[in-house]
Amino acid sequence: MSGGNAGNSSKQKIDSSKLSTDPSSFKRRRGVFQKDLQHMMYGYGDDRNPLPETVALVEDIVVEYVTDMVHKAQEFASKRGKLLTDDFLFLLRKDLPKLNRSTELLAMNEELKQARKAFEIDEEKLVNVD
């Protein structure tokens, strides 16, 4: 999405028709986030190599939380037929630390997009000059 401010980034659309509602498709591979969670756990003070059972438990909790959030956001979005980032921000409205961090990350993502776009334009100018 193009736009100069971070407000536009919250309007990103996700096509809800592509989301599967078939229960058999909800089977997930375990351990997908294992390395990332190990690093995060270490960053928050756990052992460098936490027990595999602990990582698996944290992964189950995180996946359950994210899945629950997506289902709740989908309920709000079903009226429009489109899932927007605003639906997630609405769910986080009462959890200010998460809401603030989410809006910060969305703004940062928009800044990175703008920087990449500017870099591509500068690169094209350099190629055309040669």
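The second largest pocket of this predicted model is lined by Thr85, Phe88, Leu89, Leu92, Pro97, Lys98, Arg101, Ser102, Leu105 and Leu106. Two elements each give two or more residues to this lining, namely α3 (85-91) and α4 (96-129). The larger share comes from α4, which gives the most, with 6 residues. By character, the lining of the second largest pocket divides into 6 nonpolar, 2 polar and 2 charged residues. The space in the second largest pocket is about 200 Å³.

The chain as a whole can be described next. There are 4 helices and 2 strands in the chain. Read from the N terminus, the elements follow the order β-α-α-β-α-α. The chain has 130 residues, and 20% of them count as buried. Its accessible surface comes to about 10200 Å², and carbon and sulfur atoms hold 58% of that area. Among contacts between residues at least 6 apart in sequence, 54% join residues at least 24 apart.

Helix α1 covers residues 34-43, and Gln38 lies in it. Leu37 is found in helix α1 as well. Gln38 is buried because its relative accessible area is 13%, and the limit for buried is under 20%. Leu37 also counts as buried, at 8% relative accessibility. Leaving aside neighbours within four places in sequence, Gln38 is in contact with Pro50 and Val55. For Leu37, not counting residues up to four places away, the residues touched are Val55, Val58, Glu59 and Val62. Val55 therefore appears in the contacts of both Gln38 and Leu37. Leu37 and Val62 are 25 residues apart along the chain, and their C-alpha atoms are separated by 9.6 Å.

Helix α3 holds Asp87. Is Asp87 buried or exposed? Asp87 counts as buried, since its relative accessibility is 5%. Not counting residues up to four places away in sequence, Asp87 touches Ala73, Phe76, Ala77, Arg80 and Lys82.

One of those contacts, Phe76, also takes part in an aromatic pair. How many aromatic pairs does a search of the whole structure find? The search finds 1 aromatic pair. Phe76 and Phe90 form the pair, with ring centres 4.8 Å apart and planes at 80°, so the arrangement is edge-to-face. The angle of 80° leads to that label because planes over 60 degrees apart count as edge-to-face. Phe76 lies in helix α2 (residues 52-77) and Phe90 in helix α3, so the pair ties together parts that are 14 residues apart in sequence. Phe76 is partly exposed, with a relative accessible area of 32%. Phe90 is partly exposed too, at 37%. Both values fall in the partly exposed class because that class lies between the buried limit, under 20%, and the exposed limit, over 50%.

The table sets out the accessibility of the residues discussed.

| Residue | Relative accessible area | Class |
|---|---|---|
| Gln38 | 13% | buried |
| Leu37 | 8% | buried |
| Asp87 | 5% | buried |
| Phe76 | 32% | partly exposed |
| Phe90 | 37% | partly exposed |

Note on methods:
Residues are numbered from 1 along each chain as its sequence is written. This is a predicted model: local features need pLDDT of at least 70, side-chain atom pairs count only at pLDDT 80 or more; totals for chains, interfaces and linings use all residues. Side-chain values use heavy atoms; hydrogens and water are left out. Buried means under 20% relative accessible area, exposed over 50%, partly exposed in between (1.4 Å probe, protein chains only). Contact means heavy atoms within 4.5 Å. On a 1 Å grid over the protein atoms alone, a cavity is a set of points where a 1.4 Å probe fits but cannot get out, and a pocket is an open set with protein on both sides within 12 Å along at least five of seven lines; lining residues have an atom within 4 Å of a point. Grid points are joined across faces, edges and corners, and a volume is the space filled by probe spheres set on the points. Ala, Val, Leu, Ile, Met, Phe, Trp, Tyr, Cys and Pro count as nonpolar, Asp, Glu, Lys and Arg as charged, and the others, Gly among them, as polar. Accessible areas come from the Shrake-Rupley method with a 1.4 Å probe; for residues, only the protein chains shown count as cover. Rings of Phe, Tyr and Trp (its six-membered ring) pair if their centres lie within 6.5 Å; planes under 30 degrees apart count as stacked, over 60 as edge-to-face and the rest as tilted.
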